[in-house]
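Work through the exercises below with the sequence and the model side by side. Try each task before reading its solution.

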Amino acid sequence: FMMTTIRRQAASCIHALAPFLHDLLLGRLELVEGETDEYEGEGFSSGNSVELRQMVESVLAKAERLPPEDGKLDALLKIVREKEGLPNNKVLLFATFRHTLNYLHQHLLKHRIRCGLMLGATSDEDRVELRRRFSLPREDEDAIDILLSSEIGCEGLDYQFCDCLVNYDIQWNPMRIEQRIGRIDRYGQKSETVAIYSL
């Protein structure tokens, strides 16, 4: 299960793998090392936790040496720049992992793109405020042009004023993709078509 989660994060955004490993694996390894008896039945022991830690540190070292080039981020920036030239410049982006979303948020801000970040931990009040700002016209100084969201971040909120959705990663359950699309492809959508990009 742990390796499946790591592979999914790497597929979502390889450049967010190092912070993901720091948060997920090292924290879990410390838990395993501190409570070995609890994990004996799962194949963990004080002996192989040392081996596992060495393996994790090796992967971390490689992840931290990744070159800065990121073709997936470049593809997103191209979509965002093209939308800037259209009457409706709004883009709603979904990703599974918060490390991916944090990475994208930092890079979009560096490119002076007005964006908001909505995670599962975002309070209801902040979610409503982010949606309000996302709905503002581009002329408004307080407007957000791209909203980055986790799956849970957009539950219960609709964005029919937006006609462009980016799946930065793909959920294993196709129904989750339909739920993402349903945030914009719904009653009240004024555009004749909606654009769905899957990266």
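A charge sits over a ring if NZ of Lys or CZ of Arg is within 6 Å of the ring centre and within 35 degrees of the ring normal. The model is predicted: local features need pLDDT of at least 70, side-chain atom pairs count only at pLDDT 80 or more, and totals for chains, interfaces and linings use all residues. Residues are numbered from 1 along each chain as its sequence is written, and side-chain values use heavy atoms, without hydrogens and water.

**Exercise 1.** Find what lies over the face of Tyr168.

*Solution.* Lys72 lies over this face, 4.7 Å from the ring centre of Tyr168.

**Exercise 2.** Describe the surroundings of Tyr159.

*Solution.*
- Step 1: Tyr159 is buried, with a relative accessible area of 0% (buried is under 20%, exposed over 50%, partly exposed in between; 1.4 Å probe, protein chains only).
- Step 2: Tyr159 and Phe161 form an aromatic pair, with 5.9 Å centre to centre and 70 degrees between the planes, which is edge-to-face (rings of Phe, Tyr and Trp, the last by its six-membered ring, pair if their centres lie within 6.5 Å; planes under 30 degrees apart are stacked, over 60 edge-to-face, the rest tilted).
- Step 3: Phe161 is partly exposed, at 24% relative accessibility.
- Step 4: Phe134, Tyr159 and Phe161 form one aromatic cluster.
- Step 5: The charged end of Arg131 sits over the ring of Tyr159, 5.7 Å from its centre.

**Exercise 3.** Where do the buried residues of helix H8 lie around its axis?

*Solution.*
- Step 1: H8 covers residues 174-181 (a helix is a DSSP run of H or I, at least four residues, numbered from the N terminus).
- Step 2: Its buried residues are Ile177, Arg180 and Ile181.
- Step 3: Seen down the axis of H8, these fall within an arc of 95 degrees, so they line one face of the helix (the arc is that of the directions from the helix axis to the C-beta atoms).

Conventions: Helices (H or I, at least four residues) and strands (E, at least two) are DSSP runs, numbered from the N terminus.
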